[in-house]
Amino acid sequence: MSEDRVQIMVEGGKASATPQLAQSLGPKGINIKDVLVQINEKTKHFQGMKVPVDVFVDAKTKAFKLHVGTPPTA
């Protein structure tokens, strides 16, 4: 299984379709809205903090999975 990894930083619970995100995920052939819904669900308890998120996309099936990291300390 060949996976592509896209790393992004989002505000907890408030990920939105930015040009950078569209450029990163658009060519992968996945539904960006579905990705954003899942990111916002998984990061909602980090409101007001920037959270690193890795999106892993299976190149064949176009399925994706997320890994939410820990917000960096300021």
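Helices, taken as DSSP runs of H or I with at least four residues, are numbered here from the N terminus. On this basis T43 is placed in helix 2. The structure is a predicted model, and the description below starts from this threonine before turning to the core, the salt bridges, the largest pocket and a loop residue.

T43 has a relative accessibility of 0% and therefore counts as buried, the limit for that class being under 20%. The side chain of T43 reaches the backbone oxygen of I39, at 2.8 Å. Apart from neighbours within four places in sequence, the contacts of T43 are with E11, G12, G13, V51, V53 and V68. V53, one of these partners, belongs to strand 2. With a relative accessible area of 1%, V53 is buried as well. The contacts of V53, residues up to four places away in sequence not being counted, comprise V6, Q7, I8, V10, I39, T43, L66, H67 and V68. The C-alpha atoms of V53 and T70 lie 8.9 Å apart in space, the two residues being separated by 17 residues in sequence.

V53 also features in the nonpolar interior. The largest nonpolar core comprises 17 residues, and those with the most contacts inside it are I8, L25, V35, I39, V53 and V55. Two or more residues of this core come from each of strand 1, helix 1, helix 2 and strand 2. In soluble globular proteins, nonpolar side chains tend to be buried together. I39, whose backbone oxygen is reached by the side chain of T43, is in contact with I8, V10, A15, V53, V55 and L66 when neighbours within four places in sequence are left aside.

Strand 2 spans residues 50-58 and also contains D54. D54 is an acidic residue that is nevertheless buried, with a relative accessible area of 14%. A polar contact of 3.5 Å joins the side chain of D54 to the side chain of R5. Beyond four places in sequence, D54 is in contact with R5, V6, Q7, K65, L66 and H67.

Five salt bridges are found in a search of the whole structure. In one of them the side chains of K65 and E3 meet, with an N to O distance of 3.4 Å. K65 lies in strand 3 (residues 64-68) and E3 in strand 1 (residues 3-11), so this pair ties together parts that are 62 residues apart in sequence. Both partners are partly exposed: K65 has a relative accessible area of 43%, and E3 has a relative accessibility of 32%. A salt bridge also joins K28 and D4, with the closest N and O atoms 3.7 Å apart. Here the linked parts of the chain are again distant, K28 being in the loop between helix 1 (19-25) and helix 2 (32-43) and D4 in strand 1, 24 residues apart. K28 is partly exposed at a relative accessible area of 22%, as is D4 at 29%. A further salt bridge is formed by E11 and K14, whose closest N and O atoms are 4.0 Å apart. E11 is partly exposed, its relative accessible area being 30%.

E11 and K14 are also found at the largest pocket, where the lining consists of I8, M9, V10, E11, K14, A15, S16, T18, Q20, L21, L36 and K50. The volume of this pocket is about 170 Å³. Strand 1 and helix 1 each supply at least two residues of the lining. The greatest contribution is that of strand 1, with four residues. I8 thus has a place both in the pocket lining and among the core residues with the most contacts.

Outside the helices and strands, K62 lies in the loop between strand 2 and strand 3. Phi of K62 is near 65°, a positive value in a residue other than glycine. K62 is partly exposed, with a relative accessible area of 38%.

Conventions:
Residues numbered from 1 in each chain as written. Predicted model: local features only at pLDDT ≥ 70, side-chain atom pairs only at ≥ 80, totals over all residues. Heavy atoms only, no water. Buried < 20%, exposed > 50% of the residue type's maximum accessible area, 1.4 Å probe, protein only. Polar contact = N/O pair within 3.5 Å; in protein donor to acceptor, adjacent residues only side chain to side chain. Contact = heavy atoms within 4.5 Å. Core = buried A, V, L, I, M, F, W, Y, C linked by side-chain atoms within 4.5 Å. 1 Å grid on protein atoms, 1.4 Å probe; cavity = no way out; pocket = protein on both sides within 12 Å on 5 of 7 lines; lining within 4 Å. Points joined across faces, edges and corners; volume = space filled by probe spheres on them.
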